[in-house]
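User: I have a chain to look over before going to the bench. Can you walk me through it in short questions and answers?

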Amino acid sequence: MTEGRKRTDLDLVRRVLRQARPFARYIVGAFLLGLLATPLALLTPLPLMLVVDHVIGSEPLPALLAGVLPADPSALLPVVAVLLVLVALLQNLQAMSSGALTAWVGEHLTLRFRGQLFDHVQRLSIAHHDRSGSNDQLYRIQWDAPAIRHLVIDGAIPCVTSAMTLLAMLYVTFRIDWQLTAIAVAVAPVLFLLARAWRARLRTQARELKRNESAGMAVAQEVMSSLRVVKVFGQEAREQRRFVRRSEEVAGVRVRVAWAEGRLGLMVGTTVAIGTAAVMTVGAIGVRNGTLRLGELLLAMGYLAQLYAPVKTISKKTASMQLHLAAAERAFELLESTPEVLEAPHARPLSRAAGAVRFCDVGFAYDGGRTVLQRTNLDVPAGSRIGIAGRTGAGKSTLVGLLCRLYEPTHGRILLDGVDIAEYRVADLRRQFAIVMQEPILFSTTIAENIAYGCPDASQAEIEAAAVAANAHEFITAQPAGYQAQVGERGVRLSGGERQRITLARAFLKDAPILILDEPTSALDVATEASVLEALERLMRGRTCFLIAHRASTLANCDQLFVLADGSLSRAELPRAGGAAARRVRGDLAP
């Protein structure tokens, strides 16, 4: 997929927030739960200060606590111990509740975004998928989509919570000693500049990492889907080296990203340590001079740790979020891909077409490149059978793909029952077609569900009737599980002929007025072909049929025959078994 324009962080954050809007109340709830950590954090150093100054030492209790806590050190100590446990319990309850809610929100955010991406990818044109390939799009759906969770839940909420905590800590430490506070916050601009300086570098490396990870996954998917070929040619070691080489590239980028984040963390930690050392030094001098009590210094140092924690969180999150911003950028690029087959604003409904088709000066070229069709004219009466012949790659499948609006013509129009197909609702138009392809496409589910793929509400009786018509019922009932037998990935548990007859049953069940047969018997043996041809003959009755085939015997019963060559469609004589026309068509069909 072509990389789009590079977006600023602000652009991406706005888009992420728009995606998160339906979950706003849950996100606010998670944010409020996160905010509870601030007052609990303020209470954490309090028991230590009470023990040092008022149990071990002899300082009087502050006026705010004098009416609540006992003044006697012996009575105060167990109260302070209980207070310590209570604060710890509240902190853990807050962490548990916040964790559960943020997990729920994060998973549902990701699920919704991933669903949007998947739905959008299905609606993109076949031409788009031909250009982009499926592996990178699958990576964006599966691995880039969760970036929305990381940005909102693991990024925005902690940053906002840390900012609120920072303000609270600044106020408290300022009330204790404004000089210590001024020294502590002096390092904040340095941390900000560090995060800003490293952001662009980390973003660039994050984009590179995503590209390499996608390419590495593509190698694995390609090999797994072609494993039979790999094994037959004995190329396991070669593919292993190719996969390892890709994985090494990913590992190299990951190490560079980790090294960059580590160096940033080192500089942030060192800067914070310098600030802490400065506060400790000035505070110790204040205790020695009597201007600051030891308990107050310990309290200030405790709050200082709480002060620097959100500063470090914001600095590190700003950097680490670049990886998630790069992922979100890729996901939004996919979502912004415009479908090339668009439905008209006031598209016409279509219940059932009669099946009359006309191509009027139709031309097509892939991305303005190689011309596949030029000035194609074809008039197909309803209910007729049209044979389409031509060499491999001549554009036969593209021709019928244009009819189904899998592609859009470069110029010209295609009419169905006298109406431009671009004027129909896309879903209604595609319901008019049933297709049987050279390579049967089955899904990893039951035989019954595969037959009913185009009619998911079909009854068992209707499914079985379609299987009988396709000469498939006998071998299906021979299966131990019958119609509930699992076919395996891409139908691997069935033979080629069995898979083809299931796709025929699917076409029978759909009962569409227009039938497209794209090399339906070219991969079958003679005996299986005879059974499939018998079923095809029944399927074609009363329907407009487009039959693409290499074998002259398959084209013999067509009403008209056309040969596609060099982008032009020309009328040909129908082949008769053993005749000169059959020999000529076979020559035209030679790959």
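User: How many helices and strands are there in the chain?
Analyst: This is a predicted model. Helices and strands here are DSSP runs, numbered from the N terminus. In the chain, the count is 23 helices and 10 strands.

User: What radius of gyration does the chain have, against a compact globule of 591 residues?
Analyst: A compact globule of 591 residues would come out near 25 Å. The C-alpha atoms fill a box of roughly 115 × 55 × 50 Å along the principal axes. The radius of gyration of the chain is 35 Å.

User: What share of the 591 residues counts as buried?
Analyst: Buried means under 20% relative accessible area. Of the 591 residues in the chain, the share that counts as buried is 45%.

User: What part of the exposed area do carbon and sulfur atoms supply?
Analyst: The chain exposes about 29500 Å². Of that area, carbon and sulfur atoms supply 60%.

User: Among contacts between residues at least 6 apart in sequence, what share joins residues at least 24 apart?
Analyst: Contact means heavy atoms within 4.5 Å. Among the contacts between residues at least 6 apart, the share joining residues at least 24 apart is 78%.

User: Which residues form a nonpolar patch on the surface?
Analyst: Together the patch has about 460 Å² of accessible area. Met96 belongs to it and is found in helix H6, residues 73-123. Met96 has a relative accessible area of 56%, so it counts as exposed. The full set is Leu86, Leu89, Leu90, Leu93 and Met96.

User: Is Thr110 buried or exposed?
Analyst: Thr110 is also found in helix H6. Leaving aside neighbours within four places in sequence, it is in contact with Ala145, Pro146, Ile148 and Arg149. Its relative accessible area is 6%, and the cut-off is under 20%. Therefore Thr110 is buried.

User: Which side chain makes a polar contact of 3.2 Å with Gln19?
Analyst: Gln19 is found in helix H1, residues 9-20. It is buried because its relative accessible area is 11%. Beyond its neighbours within four places, its contacts include Leu109, Arg112, Phe113 and Phe332. The polar contact of 3.2 Å joins Gln19 to Gln116.

User: How many salt bridges are there?
Analyst: The rule asks for a side-chain nitrogen of Lys or Arg within 4 Å of a carboxyl oxygen of Asp or Glu. By this rule the count is 20.

User: Which residue forms a salt bridge with Glu333 at 3.2 Å?
Analyst: Glu333 is in helix H14, residues 294-335, and its partner is in helix H8, residues 135-144. The pair links distant parts of the chain, 193 residues apart. Both residues are buried. The partner of Glu333 is Arg140.

User: Which residues are linked with Arg140 and Glu333 in a network of salt bridges?
Analyst: Arg140 and Glu333 are both members of the network. The other names in it are Asp136, Asp144, Lys210 and Arg330.

User: How many residues apart are Glu208 and Arg256?
Analyst: Their side chains meet in a salt bridge of 3.0 Å, N to O. Glu208 is in helix H11, and Arg256 is in helix H13. Glu208 is partly exposed at 27%, as is Arg256 at 38%. Along the chain, Glu208 and Arg256 are 48 residues apart.

User: Is Asp428 buried or exposed?
Analyst: Asp428 forms a salt bridge with Arg431, with closest N and O atoms 2.0 Å apart. Arg431 is partly exposed at 48% relative accessibility. The relative accessible area of Asp428 is 8%, so Asp428 is buried.

User: Which backbone oxygen lies 2.7 Å from a polar side-chain atom of Ser384?
Analyst: Ser384 is found in the loop between strand E2 (371-380) and strand E3 (385-390). It is buried, with a relative accessible area of 7%. Beyond its neighbours within four places, it is in contact with Arg543, Thr544, Cys545 and Asp559. The backbone oxygen belongs to Pro381.

User: How far apart in space are Ser384 and Ala184?
Analyst: In sequence, Ser384 and Ala184 are 200 residues apart. In space, C-alpha to C-alpha, the distance is 86 Å.

User: What is the phi of Asp566?
Analyst: Asp566 is in the loop between strand E9 (560-565) and strand E10 (568-572). It counts as exposed, at 74% relative accessibility. Its phi is positive, although the residue is not a glycine. The value is near 55 degrees.

Methods
Residues numbered from 1 in each chain as written. Predicted model: local features only at pLDDT ≥ 70, side-chain atom pairs only at ≥ 80, totals over all residues. Heavy atoms only, no water. Patch = residues over 30% accessible without salt bridge, like charges linked within 9 Å, V, L, I, M, F, W, Y side chains within 5 Å. Areas by Shrake-Rupley, 256 points an atom, 1.4 Å probe, with all protein chains shown as cover. Helix = DSSP H or I, 4+ residues; strand = E, 2+ residues; numbered from the N terminus. Buried < 20%, exposed > 50% of the residue type's maximum accessible area, 1.4 Å probe, protein only. Rg over C-alpha atoms; globule rule 2.2 N^0.38 Å. Polar contact = N/O pair within 3.5 Å; in protein donor to acceptor, adjacent residues only side chain to side chain.
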